[in-house]
Amino acid sequence: LVMSTLSRLQAQAQQRPCRPCSQFRRLAASPAADNASEGDTSSRPGRINFRPCEPEALQKCQERVARVCRQAPFVVFMLEKLKDIGCEVDVSRHIVCEQCPMNGAFDPEHNQVIVCENQVYSDVNLANTITHELIHAYDHCRARVDFTDLRHLACTEVRAASLSGDCFFSNEFFNRLNFGLKAQHQVCVKRRAALSVTTVRNISSEDAMRIVNEVFDTCFKDTAPFDRIP
């Protein structure tokens, strides 16, 4: 299942009211660490607690987001490409800061990227997180991804893990101490995508990896809007 084989959506996604700072059905996410588990989620499958930031933390997060959206090359690129396909992002409206147990999430119902200000530890990490979630936004805009379909979800998670910086050599080698070189990027993409699926949906890690493997070859080759894997 490649994103381009899904039905092409309308040119402009309709803006929806902003989501309140509370629980919402989280359908795509960037996990904070490889050892995150379903224990991070709340008692209801597919849901998690999001808390509003303290005023000072909120201001700092918003300032960091604005800076990264101006300066980080991949974020700037994704914002431009979303605009090109009719889904322009208003950073102040569509990228919001909250407190949550992973790096970030994408809320397709309200077309919002959620940055977990208590998890992102550097501007580089923040840029990777926003890029990851903007890839979900891009897939949602161009292909009307059904995030309740596990194969669709796995596909967009494969693409986000591959293209966002999640699995760049520096993250794998220096941050996660994964020293394998041969096909390490593919191994990382599968691992991170499966972790995201288990974080979002109430399924086992084994089932998540099985679904990721089923869609991997086709979705991994789909590098849009990049010409190739960065």
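Me: In the hairpin of β5 and β6, which residue takes a positive phi?
Reply: Between its two strands the hairpin has 4 residues, with strands taken as DSSP runs of E at least two residues long, helices as runs of H or I at least four long, both numbered from the N terminus. Keep in mind that this is a predicted model: local features need pLDDT of at least 70, side-chain atom pairs count only at pLDDT 80 or more, and totals for chains, interfaces and linings use all residues. Residues are numbered from 1 along each chain as its sequence is written, and side-chain values use heavy atoms, with hydrogens and water left out. The residue in this hairpin with a positive phi, near 55°, is Asn111.

Me: Okay, and is Asn111 buried or exposed?
Reply: Asn111 sits in the loop between β5 and β6. Buried means under 20% relative accessible area, exposed over 50%, and partly exposed in between, using a 1.4 Å probe and protein chains only. Asn111 has 16% relative accessibility, so its label is buried.

Me: Where is Arg144, the non-glycine with a phi of about 50°?
Reply: Most residues other than glycine have a negative phi. Arg144 has a positive one, and with a relative accessible area of 32% it counts as partly exposed. Its place is in the loop between α4 (123–143) and α5 (150–163).

Me: Which strand joins β5 through 4 bridges?
Reply: Two strands count as paired if DSSP finds at least two bridges between them. On one side, β5 (residues 104–107) pairs with β2 (residues 28–30) in the antiparallel sense over 3 bridges, and Ala29 has Ala105 as its bridge partner. The other antiparallel pairing puts Phe106 opposite Val113. The strand with 4 bridges to β5 is β6.

Me: Which residues point the other way from Gly104 and Phe106 in β5?
Reply: In a regular strand the side chains alternate between the two faces of the sheet. In β5, Gly104 and Phe106 point one way, and all four residues are buried. Pointing the other way are Ala105 and Asp107.

Me: Which residue does a cis peptide bond join to Ala224?
Reply: Most peptide bonds are trans. Here omega is about 5° for the bond that follows Ala224, in the segment after α8 (205–221). The residue on the other end is Pro225.

Me: What is the distance, centre to centre, between Phe216 and Phe220?
Reply: Rings of Phe, Tyr and Trp (its six-membered ring) pair if their centres lie within 6.5 Å; planes under 30 degrees apart are stacked, over 60 edge-to-face, and the rest tilted. By this rule there are 4 aromatic pairs. Phe216 and Phe220 form a stacked one, with 20° between the planes, and they lie 4 residues apart in helix α8, about one turn. Their centre-to-centre distance is 4.9 Å.

Me: Which residue lies over the face of Phe216?
Reply: Phe216 is buried at 5% relative accessible area, and Phe220 is buried too, at 15%. A charge sits over a ring if NZ of Lys or CZ of Arg is within 6 Å of the ring centre and within 35 degrees of the ring normal. At 4.8 Å from the ring centre of Phe216 is Lys190.

Me: Which residue completes the ring cluster with Phe74 and Phe77?
Reply: This cluster is put together by ring pairs. Besides Phe74 and Phe77, the ring that belongs to it is Phe226.
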